[in-house]
Structures are given as structure tokens and as C-alpha cells.
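Me: Before I plan any bench work, I would like to go through this model with you, one question at a time.

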Amino acid sequence: FWEHCTKDKPARWIHYLPGSKQVVSQLTQQGVTTIDEIPAGTKLSPVQRRVKENVEWVSEKLGAMLKTVRFPVHHLDFETVMLAVPRFPETRPYQALPVQWSNHIEQDHGDIVHHEYLHGEGTDPRKQLAEALLESLGSKGSICVYSPYEKSVIEQLAEALPLLRTALRALVKRIWDLHPIVRDHYYHPRFDGSYSLKEILPALVPSMGYDDLAIKEGGHAASQYYRMVFVETDWIERAKIQAALLAYCKRDTLAMVELRRALMEKA
């Protein structure tokens with residue numbers, strides 16, 4: 001109900017200020033309702049300061065940070081499902097189980113290859129998913145992600161699969177998170193204080209979005225996956241859901257490819 005409850009709030013509402021909520025609390029007590037009203041001299045973090053100034057900003061270090069990536073660059077995204085009642089041995093209620101991944105691989109000469117995996121059966125997905133993932137990621141190149149989530153999923157897979165533990169832990173060392181690079185080295189007024197992938201994409205890559213997809217966000221993807229595997233019996237409907245899930249996860253990793261390219265142009 002967030003959109004419903006905030007529909008009458010101003011576009012630059014003070015609660016959209018990222019970072020410490022203690023600062024927001026202090027400002028609201030002073031009667032500040034929008035980010036533009038924050039008094040001069042207020043102690044803000046660098047990120048909060050950029051949101052207040054609300055102008056496009058490019059760090060001198062952006063290019064150097066982007067060039068730390070190693071080719072071939074793997075752009076990885078997982079989708080998970082959380083089952084209230086555990087269905088598989090050694091799992092707990094609401095444990096995030098990875099059921100899908102997408103990997104766009106960019107070579108140093110610019111060519112791109114796409115790999116994907118979706119577990120379509122009502123069985124424990126982890127072993128088959130991990131084996132396919134290891135084959136796709138190989139042993140070379142950075143693994144570009146846009147949050148700490150992918151790292152935590154790989155670490156949980158390593159704990160659950162002793163025979164693949166060494167290989168999976170080796171992947172963690174190759175993870176290259178694009179999120180802190182954007183957060184610390186670039187800002188655009190269209191971010192509206194948010195650094196989520198879906199918020200920053202329209203500002204940097206206007207031609208890309210999620211509006212044309214049947215599934216547009218992770219929560220919907222999880223519920224549709226559950227429906228496809230454990231509820232739906234019509235094979236045509238299952239095929240539709242499968243296609244929608246693959247398209248959504250594929251868009252997330254292609255977005256990272258285009259985001260890196262757009263940032264290099266800005267740098």
C-alpha cells in the first residue's frame with residue numbers, strides 16, 4: 001500500500017531522503033517536509049547532499065572504478081521463492097531458494113552471449129541450478145551484480161551443497177557490485193533519491209524499462225513461479241508463466257550491461 005499511502009506526498013518528500021532515518025526524524029521535528037527545505041548547514045552524508053542539490057553529478061573516479069572490471073564480464077541475477085511450509089530436506093520456513101538465474105556475458109570485444117536457467121519442477125532446485133551456474137560462469141571474468149543479494153545466495157548454496165562448496169566459494173571472490181559504484185560516483189535528478197536498478201535505469205538508459213513485461217518485479221516473479229510449479233495444471237498457462245519469468249530475469253541482467261555502457265559514456 002506504499003504508493004496508495006504516499007500518493008498525496010510531494011515529489012521531494014523528506015522521507016525520500018536516503019541514508020540515516022535519524023536525520024530525517026530530526027528534520028521532520030523541525031517542520032521540514034521536503035528535501036528542498038533542508039536548512040543550509042545541516043549535516044548530511046555525501047549521498048544525501050547530492051540528493052538535496054539535485055543536479056547531475058559525475059565523480060572524477062567513475063571511469064577508473066568502471067575499468068576495474070575483468071573480462072569476460074558476467075552479469076548475474078537470481079530469482080528466488082520463499083515457501084512458508086518447507087518442501088525439501090534441510091530447508092526452513094520462508095528460506096529464499098534460488099530457482100532461476102540469468103547471465104549476460106560481455107566479451108572484451110563487445111560481443112554478448114546470454115545464458116539462463118529456470119527450474120520448472122517441484123523438486124529441490126539447488127543442485128541442478130548450481131551446476132548449471134558454475135558451467136555458465138566458468139573460471140574467468142568479473143561477476144557483475146547490483147546488490148549484495150547474489151553473493152548471499154551463492155554463499156547459501158555453498159553451505160547446502162558440500163560437493164560444490166569450493167567451486168561456489170570461488171565465485172564469491174569474483175563478484176563485482178555495480179551498486180556502490182553508482183551510489184558513490186554518479187547522481188541524476190531523475191533518481192529521486194533512490195539507487196534501485198529500476199529507478200536509475202530510466203535516467204541512464206531511457207530506451208529500457210519493464211513496462212512491456214508481464215512480470216515487472218521480484219515479488220510477482222516469486223508468486224508466479226509458485227503458481228507455475230505447485231498450482232497450475234494447464235500446460236499452456238504454465239508455458240506462459242515460464243516465458244514471462246525468463247523475460248523478466250533476462251531484462252534485469254541486460255539492464256546491467258546497458259547501465260555499465262551508459263556510465264562509461266558519462267565518465
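Reply: Two strands count as paired if DSSP finds at least two bridges between them, and the model discussed here is a predicted one.

Me: Which residue in E3 does Phe 78 stand opposite?
Reply: Strand E2 (residues 73–82) and E3 run antiparallel and are joined by ten bridges. Within this pairing, the residue in E3 that stands opposite Phe 78 is Trp 101.

Me: On the side of E4, what is the bridge partner of Ile 105?
Reply: E3 and strand E4 (residues 112–118) also run antiparallel, with seven bridges between them, and they form a hairpin with five residues in between, where Gly 110 in the turn has a positive phi of about 100°. The partner of Ile 105 in E4 is Val 113.

Me: Why is strand E3 described as largely enclosed by the rest of the structure?
Reply: A residue is called buried when its relative accessible area is under 20%. Strand E3, residues 96–106, is largely enclosed because the number of its eleven residues that are buried is eleven.

Me: How far is the sulfur of Cys 249 from the closest cysteine sulfur, and why is there no bond?
Reply: A disulfide requires two cysteine sulfur atoms within 2.5 Å, and a search of the whole structure finds zero disulfides. Cys 249 is buried, at 0% relative accessibility, and Cys 144 is likewise buried, at 0%. The closest cysteine sulfur to that of Cys 249 is in Cys 144, too far for a bond, at 14 Å.

Methods: Residues numbered from 1 in each chain as written. Predicted model: local features only at pLDDT ≥ 70, side-chain atom pairs only at ≥ 80, totals over all residues. Heavy atoms only, no water. Buried < 20%, exposed > 50% of the residue type's maximum accessible area, 1.4 Å probe, protein only. Helix = DSSP H or I, 4+ residues; strand = E, 2+ residues; numbered from the N terminus.
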